[in-house]
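Hi everyone, thanks for coming. Have a look at this chain with me, and then we'll visit one residue in it.

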Amino acid sequence: MVKSYEVVILGGGVAGGTLAHLLRRQNKTVAVVEDNLFGGTCPNRGCDPKKILLSGLEVTQTVDNMQGNGISGHVSVNWPDLMRHKRQYTDPISNAMQHSLVSDGVDTYHEHAAFTEDGHLQAGNNLLSADQFVIATGQRPEILDIVGKKFFKTSTDFLNLNEMPADVTFVGGGYIGFELAGIAHAAGAKVHLIHHNSHPLKQFDSQLVNEVVAHLRAIGVDVQLDTDVNTIEKQGDRYCISGDDKFKLTTDMVFCTAGRIPNIDTIGLENMSIDADAHGIIVNNYLQSSNRKVFAMGDVVSTSRPKLTPVAGFEANYLAKHLNGNSGKINFPEIPTLVFGQPSLAQVGLPSKVADDNKHYLLITNDMTKWYSYHRLNEPLAKAKVVVDRDNETVVGATVLSNHADYLINLFTSMIDNQMKIDDFNQQILAYPTLASDVQYLI
């Protein structure tokens, strides 16, 4: 027996759950199929639990920075207690998310799903049909194809460690590698961060990335660039990592932080003639795939845009309107990206190198380390680069390196999205002394 709906969504994460609730407000019949945790990566094993664990880094770093400046006595991370704190938040999420969907009239299937040759969706023993299908199956950690790859752990494993090993290694210098390396170091581990070339965090300003690397090395993180890993061998309770140029390292645990891949390989795309590439499902400006009745959104989409939780939510809101008759194309605002740490590194809009190549833009560079906002907590590193459109006198890009980069980058994002002239921003009277009141001195 086939059960029919107006919309069936593959994936019960932020994108899928948000869309399901919005479609129910339109009184559509909706089903959500999820084969893992409802709520998806972000609240269960991604950004939310990561930031809870980051609290250990933030507190210990602040206390360390203030030693001899009014604070005495060190603090340390109790990893089991911090993990318990994290689990108090994450453990109820999946059931709560599924219950919320059911309460809203959404049929949920906790099954793996795949398209069949006749255009239906097989979810466990259930066969579903729909006027439109929406794929929102997200991504998973990529595992490098090397000898001994079975010994790799992933970010999911890290975010659920019962005990922090004494010595840990991260292979891959992207967002996840840098963030988890900072957390592990704060928790007392000896940390190695290995990247295959000389350009980690390649999306960001290279000068500021170099400052992050130098800071990590200064506090004791072993950052090794231009280093390829090709073998992992188990030696008793430890692991030996080796690579080219006689590189060799022995460690307690090895995490692959070399990026993420889309969850598209087991859902039967070929049965629906849905085009995809290594980055995900290919969609048009309406989030529509090559099969006109199948849409895709969130991290599973092939795109150069950052794959972030708020982007998934934005796409869900757009698609709810589109499936209800709104014929306009999706139009993305500026999307800020952020590497959380101490310090954090954030970027939005045009990169700083654009100003070097185009006289239409002005690059304003500020070292804020001695500014009051950072001096008061004795923070070791605070810098910002702002790209200004000379003709329009508006901010069009910004990169911030500081413990408060998350706050400042949101201000710059709002300025860019609203095409706010610098003079108009400076006409505001903001609470002082605050990070917001510092912005006038950055532009």
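**The whole chain, then one valine**

So, the chain has 14 helices and 23 strands; those are DSSP runs, H or I of at least four residues for helices and E of at least two for strands, numbered from the N terminus. Its radius of gyration is 23 Å, close to the 22 Å from the globule rule for 443 residues, so the chain is as compact as a globular protein of that length. That radius is taken over C-alpha atoms, and the rule is 2.2 Å times the number of residues to the power 0.38.

A word on the source: this is a predicted model, where local features need pLDDT of at least 70, side-chain atom pairs count only at pLDDT 80 or more, and totals for chains, interfaces and linings use all residues. Residues are numbered from 1 along each chain as its sequence is written, and side-chain values use heavy atoms, leaving out hydrogens and water.

Buried residues make up 51% of the 443, buried being under 20% relative accessible area with a 1.4 Å probe, protein chains only. Of the contacts (heavy atoms within 4.5 Å) between residues at least 6 apart in sequence, 63% join residues at least 24 apart.

Now, please find Val8, in strand β1, residues 2-10. Is Val8 buried or exposed? Buried, with a relative accessible area of 0%. Beyond its neighbours within four places in sequence, Val8 is in contact with several residues, including Ala31, Val33, Leu121 and Phe133. Phe133 is 125 residues from Val8 along the chain, yet their C-alpha atoms are separated by 4.9 Å.

Key. Buried means under 20% relative accessible area, exposed over 50%, partly exposed in between (1.4 Å probe, protein chains only).
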